[in-house]
Amino acid sequence: MKSIVDILALIVLAAVGFVTWADTPLGRIFQGQEAPKEETAVQKNIAIESPLPGSKVFGYLDIRGQARVFENQLNIRLRDAVSGETLKEDNIMALAPEVGTFGPWSYELNLNGIREGKRLLIEAFDYSAKDGSIENLVSVPVTVWRTTSH
C-alpha cells in the first residue's frame, strides 16, 4: 500500500511541476545517480519494473521495464524456476527516443494453463551482436497464484 501512495504522490508532484522524471528513483538509477533498490530488478542496461520480485501472478501478465540495448532489441523469456526449462521466449523492442538512451518496453504474457503454485522466472536480456552470448540478464522470480482456464 505504501508504494501506491508513493507513486500517487510522485504523479501529483509531477503534475504541478515539483518533480521531473530525473527526480524519481528510476530516473536517478538510469542517470547513474543512485544504486538500484531491491524493489526493481535492474541490470546495467535493462530493468524490469513490473512485476516485482516475489509477486504472485495470474492470467494475463503485463511485464514492463526500461532498456538501453543494441538496436533497441531485447528478449523476454519465461522459465520454470525449478527445472530451468524455457516455457516461452520472444524478441521485443524498447521505445528509446535516441541511440544510447533508455526506452520503455512492455510485453503481455498469457499464464493461463500454468498450474497454481508453480515458481517461474521472468527474464529480460539481449544477445551479444559480437558472439551471440546472453548479456544484461535480469531475472524476476514470481509464483503463479491462481489459474484460469478457457
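This report describes the fold of one protein chain, its strand pairing and a few of its side chains.

**Overall make-up**

The model is predicted. The chain has 150 residues, and 37% of them are buried. Its accessible surface is about 9100 Å², and carbon and sulfur atoms account for 55% of that area. The chain contains two helices and nine strands. Reading from the N terminus, the two helices come before the strands, in the order α-α-β-β-β-β-β-β-β-β-β. Among the contacts with a separation of 6 or more, 55% link residues that are 24 or more positions apart in the chain.

**An open sheet**

Strands of a sheet pair through backbone hydrogen bonds, and the pairing can be parallel or antiparallel. In this chain, five strands form an open sheet with mixed pairing, in the order β3-β9-β8-β5-β6. Which strands stand at the edges? They are β3 (56-57) and β6 (86-93); each has a single partner strand, so one side of each has no neighbour in the sheet. The partner of β3 is β9 (residues 134-144), and the two strands run parallel, joined by two bridges. Within this pairing, Val57 has Val144 in β9 as its bridge partner.

**Strands β4 and β7**

Strand β4 (residues 60-67) runs antiparallel to β7, and eight bridges join the two. One of the facing pairs is Asp62 and Glu108, the latter in β7. Strand β7 covers residues 103-110, and its side chains alternate between two faces. On which face does Glu108 lie, the buried one or the other? Glu108 points to the face whose side chains are not buried, together with Pro104, Ser106 and Asn110. The opposite face carries Gly103, Trp105, Tyr107 and Leu109, which are buried.

**An aromatic pair**

The structure holds two aromatic pairs. One of them consists of Phe125 and Tyr127: the ring centres are 5.1 Å apart and the planes stand at 90 degrees, so the pair is edge-to-face. The cut-off for that label is an angle over 60 degrees. How exposed is each residue of this pair, Phe125 and Tyr127? The table gives the values.

| Residue | Relative accessible area | Class |
|---|---|---|
| Phe125 | 0% | buried |
| Tyr127 | 37% | partly exposed |

Phe125 counts as buried because its value of 0% is under the 20% limit. Tyr127, at 37%, falls between the limits of 20% and 50%, so it is classed as partly exposed. The edge-to-face pair thus joins a buried ring residue, Phe125, with a partly exposed one, Tyr127.

Technical notes:
Residues numbered from 1 in each chain as written. Predicted model: local features only at pLDDT ≥ 70, side-chain atom pairs only at ≥ 80, totals over all residues. Heavy atoms only, no water. Helix = DSSP H or I, 4+ residues; strand = E, 2+ residues; numbered from the N terminus. Buried < 20%, exposed > 50% of the residue type's maximum accessible area, 1.4 Å probe, protein only. Contact = heavy atoms within 4.5 Å. Areas by Shrake-Rupley, 256 points an atom, 1.4 Å probe, with all protein chains shown as cover. Pairing = 2+ DSSP bridges. Phe/Tyr/Trp six-rings, centres within 6.5 Å; stacked < 30°, edge-to-face > 60°.
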